[in-house]
Structures are given as C-alpha cells and as structure tokens.
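Welcome, and thanks for taking a look. Here is a short briefing to read alongside the structure.

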Amino acid sequence: MADWFWLLTPLGASLLMALSLVPLGHRVLARGVVFADLAIAQWAALGSLAGLSLMPDQTIAGLPVSGLLFALLAVALVSLILKLVPDYREAMIGTLYVLGASLATLVVSNDPHGAQQLARTLNGDLLWVTGLSLIPLVVVTLAVMLWQITDSDRIRSALFLPLFAVTVTLTVDMAGIYVVFATLIAAPLALCHLRGYGLPVASGFCFAGHGLGLWLSSSHDIPAGPAVVVSVIVCCLAGILVLTKSAVARGDSIPETR
C-alpha cells in the first residue's frame, strides 16, 4: 500500500483541478464560446515555450510569467472578438487557436528537444507534480469558489476571463492542454448541460476520471495525459448511465437536457 502513497500528490492536483476547472467550463459552455478556452490554453502553452528560452525559471506565485502574459494577451484578444465581431466569434477564436499552435511549433523548431517540449504542453506531466506546486493551485481554487458565490453578475462577468487565464495557465503548465480541456468541458457538458445535474456531481465524476487515468498510467506505464482524458470521458458517460438508472429505480424524474 505504501508503494502508492506517491500518487496522493497528483490526486490532490486532480481534485483541485476538478474543483476549479469544472465551474469555469460550465460558464464557458453557458457563454457559448467553447473555442475560447482551447485558444487561451494554447496561448498559455505558447508563452511557456517562449519563456523557456527568454525567461527560464521566472515565476510569479508559482505561475510561469511568460505563460501568464500570453494567456492574458489571448484573453484580451478573445474579449475584442466577442465585442467587435460576435457573429463570427467561433471562426475568429478558432483562428486564434491555430495561430497559437503554429507559433508554438515555430518557437521550438530549432530546439533539439523541441518535440518533447511541444508534447509536454499537450500531454503534461501530471504524475510528477510536486507538493509545492499545489500551493498556487489551492489559492486559485479558492478564488474560483469565491467567484462562484459572488452575488453580482457584473462582477462575475468582469472577473471570469482574467480568472480563467490564471487558472488555465497554471493547470496547462501542470497537466497539459488535453487534460485541461477535458476537465473544463467533458464533465459540465455531459452531466450539467446535457443531463441537468449540478456542479458537485460533475466535479466528482471528473475527479474519478482523473484518479482512474492516473492509476492506469502508473500501473501500465502509459502516458498520463491521454489516459486521464479518456478516463474522464468514460467516467462522465458512465456517470450519466449510473445516475439515470438510479433515478429510474427510485422512481424519480430524470433531469432534463438544458
């Protein structure tokens, strides 16, 4: 049993990610700008890659400076798109994502380790997070919880994109774009928007997917990022089936699609 104690740290990171990213993803889906989270995540990764050569090991409260700056730049660009060309927002934000991905490839094109660095921004390294790296994630998670209970819609709207940028920058650096996107979208989409369950249920099944993926990765020596992504999606789909079957067995009404 002691051989598995080292998994407590990545599991702690996964729990914090589920608690912070699922509510933000729910808001992304409600706003109808799904590409925005992917674009901001990609630009955060681009900033981290650029920073490896320009500002190595420079952080603010555990956040990579360059990644945060590029994420905030993406937030500003997304805000302009939503304001100036709302009818073409998905196309414009999709273009912003492709631009970020292409620039990231160009940034590492002359680096002999560029392919590994690029792969890490996509797949992350969640199994090997440290206890110290959880401290800023705890702070961000608390900030997201406070944001959730804020009564003013105006304040919530104003804080959403900056809070999203900080959270995504931190989690992309830790877990990679694929895991962050799956955590943001899969659980709130499947359990909240399609079936009408609450955020605690979505966060719980998302965390279960993280746990399953980490166990599969550590026990079968497979990449953690893809294992977590697949496991999160499987657990969310299984959650729909289990909760629906349980509601039918009790004679309760099944939550309707929102």
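Which residues form one aromatic cluster? Trp147, Phe160 and Phe164 do. This is a predicted model, in which local features need pLDDT of at least 70 and side-chain atom pairs count only at pLDDT 80 or more, while totals for chains, interfaces and linings use all residues. Residues are numbered from 1 along each chain as its sequence is written, and side-chain values use heavy atoms, with hydrogens and water left out.

**Overall picture**

- The protein chain holds ten helices and two strands, where helices (H or I, at least four residues) and strands (E, at least two) are DSSP runs numbered from the N terminus.
- Read from the N terminus, the order of elements is α-α-β-β-α-α-α-α-α-α-α-α.
- Of the 258 residues in the protein chain, 45% are buried; buried means under 20% relative accessible area, exposed means over 50%, and partly exposed lies in between (1.4 Å probe, protein chains only).
- About 12,600 Å² of the protein chain is exposed, and carbon and sulfur atoms supply 69% of that area. Accessible areas come from the Shrake-Rupley method with a 1.4 Å probe, and for residues only the protein chains shown count as cover.
- Take the contacts (heavy atoms within 4.5 Å) between residues at least 6 apart in sequence: 78% of them join residues at least 24 apart.

**Aromatic rings and the arginines over them**

- The whole structure has four aromatic pairs. Rings of Phe, Tyr and Trp (its six-membered ring) pair if their centres lie within 6.5 Å; planes under 30 degrees apart count as stacked, over 60 as edge-to-face and the rest as tilted.
- Two members of the cluster also have an arginine over the ring: Arg27 has its charged end over Phe160, 5.7 Å from the ring centre, and Arg156 lies over the face of Trp147 at 4.7 Å from the ring centre. The criterion is NZ of Lys or CZ of Arg within 6 Å of the ring centre and within 35 degrees of the ring normal.
- Arg27 belongs to helix 1. Is Arg27 buried or exposed? Arg27 counts as buried, because its relative accessibility is 17%.
- Beyond its neighbours within four places in sequence, Arg27 is in contact with Trp147, Arg156, Ser157 and Phe160.
- Arg27 and Ile185 are 158 residues apart in sequence, and their C-alpha atoms are 9.9 Å apart in space.

**Buried polar residues in helices 1 and 2**

- Ser14 lies in helix 1 (residues 8-31) and is buried, with a relative accessible area of 0%.
- Leaving out neighbours within four places in sequence, the contacts of Ser14 are Leu126, Phe207, His210 and Leu214.
- Gln42 is part of helix 2 (residues 34-54) and counts as buried at 5% relative accessibility.
- With the same sequence neighbours left aside, Gln42 is in contact with Tyr97, Gly100, Ala101, Ala104 and Ile177.

**On the surface**

- Trp4, Trp6, Trp128, Leu212 and Trp215 make a nonpolar surface patch of about 540 Å². Patches consist of residues with over 30% relative accessible area and no salt bridge, with like charges joined within 9 Å and nonpolar side chains (Val, Leu, Ile, Met, Phe, Trp, Tyr) within 5 Å. A salt bridge here is a side-chain nitrogen of Lys or Arg within 4 Å of a carboxyl oxygen of Asp or Glu.
- One of the patch residues, Trp128, sits in the loop between helix 5 (114-123) and helix 6 (134-148); Trp128 is exposed, at 56% relative accessible area.
- Asp221 is not a glycine, yet has a positive phi of about 55°. Asp221 is in the loop between helix 9 (199-220) and helix 10 (224-250) and is exposed, with a relative accessible area of 71%.

**Partly exposed positions**

- Gly32 lies in the loop between helix 1 and helix 2 and is partly exposed at 30% relative accessible area.
- Gly32 touches Arg89 and Glu90, not counting residues up to four places away in sequence; the C-alpha atoms of Gly32 and Glu90 are separated by 8.9 Å, with their positions 58 residues apart along the chain.
- Gly211, in helix 9, is partly exposed at 21%.
- Ile233, in helix 10, counts as partly exposed at 39% relative accessibility, and its C-alpha atom is 9.7 Å from that of Ile185.
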